[in-house]
Amino acid sequence: MWEAPAETRPRDALERETVAGMRRTLAHALGHEAWRRRLPGVEPGDVRAAADWSRLPFLTKDELRDAYPFGLACVERDRVLRVHMSSGTTGNPVLNPYTRSDVEQWGSVMARCYVAAGVGARDVVQITPSFGLFTGGFGFHYGAERIGATVVPIGAGRTALQLSLMRDLGTTVLTGISTYPLRILEVAREERFDLASLRLRVAVLGSEMWSDDLRGLIERELGVTTFDIIGMTETGGPGLGIDCAARAGIHVWEDHYFCEVVDPATGRPRPDGEEGELIVSTLTREGLPLIRYRTHDLTRVLSRAPCACGRTHLRLDRLHGRTDDMVIFRGVNFYPRQIESLLLQQPGAGPEYQIVLDRTAGGRDRLALLLEAGEGFAESGLPRLRHALRERLSLSPEITLLKAGEIPRAPGKAVRVVDRR
Ligand code: ZN
């Protein structure tokens, strides 16, 4: 472990630390006019136990957008060391101003994540997310430097170069967006690159939803053990948590973040084990503290018991999807990940797919599934896939089979749903 005393702290001590962090964060935020307006009458001393936190209102992404650029920032401009920005497609982006302490905090939670993934000073870490306003590149970079690994900061794209550098520099750890390994595998096939020439053993992946089946495919084809890392621009980038070698859920660093799972419709807490929306509060961030931020990510608390790895920090389930990427089609609800899992369970179906929704001239919703598939899939796999979609998800989409490479590849996160309705 990177910080064993903190990572193995007994729960009662951890909970005291949480309450202290809540009070500190409230006092810090309330030092700023915009937060006093948001939280009238609230005093840090009101928080006597973690349960008191649920009396505070949620913070929404819209509020952060409306506060563009620095309306809810809690730092004077001359103390801002760096700015990161969330990738949004509509409206104002969300900016997160980092103080020196925030950059330090980020490096240390990322260092913990690497060590939880079994990465150390002898590793060669190749960083494939972009370096820029997106938090991916820098987060992986600072964490890897902190643990003393060799960093290959190549950034996004140039996949053929990524492969030859991995081979020539003996890269042992791949970091990236969850679907990027698919692109690596694809380019390796095109270039007849010998994957056996690589020394990769670990892949730390995140930033988008990826099913257990996709995870299995990446591990098999790339010969790596994968680790699922979570975090977003608003929380300070990747590093909110990661799963460990016990693969028994994602540890969230509770001395830095307080997580709740609530019913997305009513906002009421969900009991441990039940799925709901993840709410994140920061306990140690300065530039943009979060107090009950609605992430829209769906998960559940798996356990608060000590893990086989020795860490005591609570474990969340892998993210199941987002409250806002649930697709509703003729009254049937589903998440793209459910389709992905069914696809990958059929031999011959590729991991590349796209769900297209549109509306006919007659006003009827139409669901199409574009799917890259190998030779012979139409006869063998397709009938099974249709059956599984109907039985498991009550869906009967029009399925179009495409050749490898025909679905356009987006730079960055994969586009799984195109909704033209
Ligand atoms: Zn563990």
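Which residues in helix 9 are buried? Keep in mind that this is a predicted model. In helix 9, the buried ones are Leu 214, Arg 215, Leu 217, Ile 218, Glu 219 and Leu 222. Right after the helix comes Gly 223, with a positive phi near 65°.

Now look at what helix 9 packs against. Two packed helices are described by the angle between their axes and the distance between the axes. Here the partner is helix 10 (residues 336-344), and its axis and that of helix 9 (residues 212-222) come within 8 Å, crossing at roughly 45°. That crossing makes helix 9 oblique to helix 10. On the helix 9 side, the contact is made by Asp 213, Leu 214 and Leu 217, and they meet Glu 340, Ser 341 and Leu 344 in helix 10. Sorted by class, that contact has three nonpolar, one polar and two charged residues. Leu 214 and Leu 217 turn up both in this contact and in the list of buried residues.

Next stop is helix 5, residues 100-116. With 17 residues at 1.5 Å a residue, helix 5 should span 24 Å, and its end C-alpha atoms sit 25 Å apart, so expectation and model agree. This helix is mostly covered, with 13 of its 17 residues buried. Just past its end, Gly 118 has a positive phi of about 80°.

Helix 5 also leads us to the core. In soluble globular proteins, nonpolar side chains tend to be buried together. The largest nonpolar core in this model has 38 residues, and the members touching the most others are Val 119, Val 125, Val 204, Ile 242 and Leu 316. Helix 5 supplies the largest share of this core, eight residues. Apart from it lies another core, of 25 residues, with Leu 56, Leu 64, Ala 67 and Leu 288 among them.

Let's zoom in on two of those well-connected members. Ile 242 belongs to strand 8 (residues 237-243). With a relative accessible area of 0%, Ile 242 falls under the 20% cut-off and therefore counts as buried. Leaving out residues up to four places away in sequence, its contacts include Cys 113, Ala 116 and Ala 117, along with Val 204, Phe 227, Ile 229 and Trp 253. Val 204, under that sequence filter, touches residues including Ala 117, Phe 140, Val 173, Phe 227, Ile 229 and Ile 242. So where does Leu 316 sit relative to Ile 242? The two are 74 residues apart in sequence, and their C-alpha atoms are 9.3 Å apart in space.

How values were computed: Residues numbered from 1 in each chain as written. Predicted model: local features only at pLDDT ≥ 70, side-chain atom pairs only at ≥ 80, totals over all residues. Heavy atoms only, no water. Axes fitted to C-alpha atoms, helices over the stretch in contact; angles between N-to-C directions. Helix = DSSP H or I, 4+ residues; strand = E, 2+ residues; numbered from the N terminus. Parallel < 35°, antiparallel > 145°, perpendicular 65-115°, else oblique. Contact = heavy atoms within 4.5 Å. Nonpolar A, V, L, I, M, F, W, Y, C, P; charged D, E, K, R; others polar. Expected span 1.5 Å × (residues − 1). Buried < 20%, exposed > 50% of the residue type's maximum accessible area, 1.4 Å probe, protein only. Core = buried A, V, L, I, M, F, W, Y, C linked by side-chain atoms within 4.5 Å.
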